Every structure is written in structure tokens, then in C-alpha cells.
Amino acid sequence: MRFLVTGAAGFIGYHTAQKLLARGDEVIGLDNLNPYYDVRLKEARLARLEGRPGFSFVKIGLEDRDRMASFFSERRPERVIHLAAQAGVRYSLENPNAYIDSNLTGFATILEGCRHSGIEHLVFASSSSVYGANQSLPFRVEHNVDHPLSLYAATKKANELMAHTYAHLYRLPVTGLRFFTVYGPWGRPDMALFRFVAAILEDRPIDIYNHGHHARDFTYIDDVVEGVVRTADRIAEPDPAWSGLKPNPASSSAPYRLYNIGNNKPVELMHLVGCIERTLGKEAKKNFLPMQAGDVERTFADVDRLIDDIGFRPATPIETGVERFVAWYRDFYKR
């Protein structure tokens, strides 16, 4: 199978490309290598992919409509796993235009490319942030998500709506995946685990927002990638039970599906800190701060639909995941 993986130099994209290559698929990796975080980390991921049989790389910004149209016409991928996006809730408060360009305009070019190229299945990254002000736990894909708390979350909700429109109008099979706080080796430097480990090793205080009362459904990267690849293999179909009189947001009369990919076990922020301290053998200096704008207090994924339809449930314990991340961090940064 010939896959296009966008965001291939990113955290989830890199691991997804690795898994597809390992099972013998061809992977066209696409990324713009933007400097949102250290480009050297992106280049190091990419270097581990380049040279592998079946992998090729193209550097394009998603918002470049002409180049993206030419790319789809020339390379003719069969299935698309769209993981490229401008990430980060807090950064969206500072640079909203980056989210409009990448997450809205960029997603439109992906949809158009898929539509005109006869793509068999588009799998795209959504986010747990779409649940926004919803306080009904655990978060179910059937819940209302009309109250996002950040522009980042709003763009991800918009992606789900745009994808459904293309599924309805053009019968393009699409599956959206709402990721819950992904972590693990080769992770993003702006995420809590990465920042905490770096700060503790450098004897700097760690910033703990909401005075440590956050809880997150931390989901290990291997579990996320397993969910991504399994959903890519199961082409979305119309739901025969769907009714416009009582519409289910997670499916449709069009070939459209939504799934949560989360560990289904929220972890208190202070428990995460304790796991890091035990793994490093060093106590953190803690700087307790109030809740940040755009943040939510708790996330908790209901994964029943993922289990029922895909036959998979994420289950890596936080203790195991933290140990694996710290081992990678020490090796990569020679710490």
C-alpha cells in the first residue's frame, strides 16, 4: 500500500511512518519542517526514516495549494494519514494565523487532493481539546463539542466538519482520531513530560499550572500509532443505523467515523511528576501557577467505539511510558 503521511518529521508522524515501513508499506513523508520547536529534533527523526526501503520525503507547506495539487497528481498515494498541523494550545493565543494557515487552509488542500485523486481512505488527526467546556466524563465521541476553549481546538473541530462535508458530497471515506495527550520517545519539547525531564535534569524549577490539580489521559505513542494504523486499514463506511432525527456525531450516512484514542485512565499531574522523580532519582523544584488560558482541568477518553469497531484498546501504564521516555531522552541528549 502506498501511504502519504503528513507531518512525517513530527512526533506521531515519525512513529507512524516507522510502523508502516516495518510491515512493508511504501510511505511518502511530507513535512514543512517549521521552527515551532527545535528543527534539529525533526531532522533527527527524518534521518532515521530516509534511506529505509520504501520511504521518500517531500518538503511542502500544506497551505501551498498549487504544489499540493501537483504532489497528489504526480505521486498518487492510495491512502492518506494526515498528522501535520500547527500544534499547541498556548501558542494559538500568540500566533493565531499559523493555525488558520496550517490547520484550516492546509486541511482544505488535503481534502481537495484526496477528492481529486480517488484516495481510498483519509485518516486525520483531531484532538481531545475539541471537548472544550464539556465536563461530562469520560469524554465520548457522541458528546457535544460546540464549546472549544482555544483556537487550536476550534480548528480541530472545524477539521471534523470539513471532513464530514467531503465524505457526504464526494463519498470520500474519512476517519478522524481524537488524540489524548500523546507522549513517549522522540516526543515534542513543548509537552509537559519533555519539559519536566529537561528542567529537572538541569536543576531548574518546573511550572505546574492549576496548582497541580490537572489530570490528563496520557497515551503512550506506541498505543496511538497502533490505533492510527488499524483505523487506516479499516475504511470508513456509512452507518446504516444513523438517523438525521437523532444524529450521532461519531458516524454518518456518509462514510465517516470519529474515534477517541486515549489510555482510558486519567493521571493526576502530580502523579506524573512523581513518576519522573522516581525514574530520574531526583526531586523536582516546583513552581505552582494558576490555570492557563485555553486549558481544561481534566481529560478522560471513552474508547468503547474504538474497541468495538477496531478491536484495540490503549493500555501502556504511565510508569512504563515515563521510563521509556527518560531512557530515550538520556541517550539522545547524552544526559
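Modeller: Ala, Val, Leu, Ile, Met, Phe, Trp, Tyr, Cys and Pro count as nonpolar, Asp, Glu, Lys and Arg as charged, and the others, Gly among them, as polar. This is a predicted model, in which local features need pLDDT of at least 70 and side-chain atom pairs count only at pLDDT 80 or more, while totals for chains, interfaces and linings use all residues. Residues are numbered from 1 along each chain as its sequence is written, and side-chain values use heavy atoms, with hydrogens and water left out.

Biologist: How many cavities of 30 Å³ or more does a search of the whole structure find?

Modeller: Rolling a probe the size of a water molecule over the atoms shows where empty space is left. On a 1 Å grid over the protein atoms alone, a cavity is a set of points where a 1.4 Å probe fits but cannot get out, whereas a pocket is an open set with protein on both sides within 12 Å along at least five of seven lines; lining residues have an atom within 4 Å of a point. Points are joined across faces, edges and corners, and the volume is the space filled by probe spheres set on them. Here the search finds 1 cavity, with a volume of about 50 Å³.

Biologist: Which residues line the largest cavity, and what is the lining by class?

Modeller: The lining includes Phe 11, Arg 188, Met 191 and Phe 325, and by class it has 7 nonpolar, 2 polar and 1 charged residues. Both β7 (182-183) and α7 (192-201) supply at least two lining residues each; helices (H or I, at least four residues) and strands (E, at least two) are DSSP runs, numbered from the N terminus.

Biologist: Is α7 enclosed by the rest of the structure or open?

Modeller: Buried means under 20% relative accessible area, exposed over 50%, and partly exposed in between (1.4 Å probe, protein chains only). In α7, 9 of the 10 residues are buried, so the helix is largely enclosed by the rest of the structure. Leu 193 and Phe 194 are among these buried residues, and both also line the largest cavity. The buried residues of α7 pack (heavy atoms within 4.5 Å) against α2 (39-49), β7, β8 (206-208), α9 (269-280) and α11 (318-332). Just after the helix, Asp 203 takes a positive phi of about 60°.

Biologist: What order do the strands of the open sheet have?

Modeller: Strands of a sheet pair through backbone hydrogen bonds, either parallel or antiparallel; two strands are taken to pair if DSSP finds at least two bridges between them. This open sheet of 7 strands has the order β3-β2-β1-β4-β5-β6-β11, with parallel pairing. Because β3 (55-59) and β11 (256-261) stand at the edges with a single partner strand each, one side of each is left without a neighbour in the sheet. Strand β1 (residues 2-6) is joined to β4 (residues 79-82) by 4 bridges and to β2 by 5, with Phe 3 opposite Arg 79 and Leu 4 partnered by Ile 28.

Biologist: Is the edge strand β11 covered or bare?

Modeller: In a regular strand the side chains alternate between the two faces of the sheet. In β11, Tyr 256, Leu 258 and Asn 260 point one way and Arg 257, Tyr 259 and Ile 261 the other way, and all are buried. Its partner β6 is joined to it by 6 bridges, and Val 174 stands opposite Tyr 256.

Biologist: Which residues lie nearest the centre of the second largest pocket?

Modeller: Of its 13 lining residues, those are Lys 157, Leu 161, Pro 249, Tyr 256 and Leu 258. About 220 Å³ of space lies in this pocket, whose lining takes its largest share, 4 residues, from α6.
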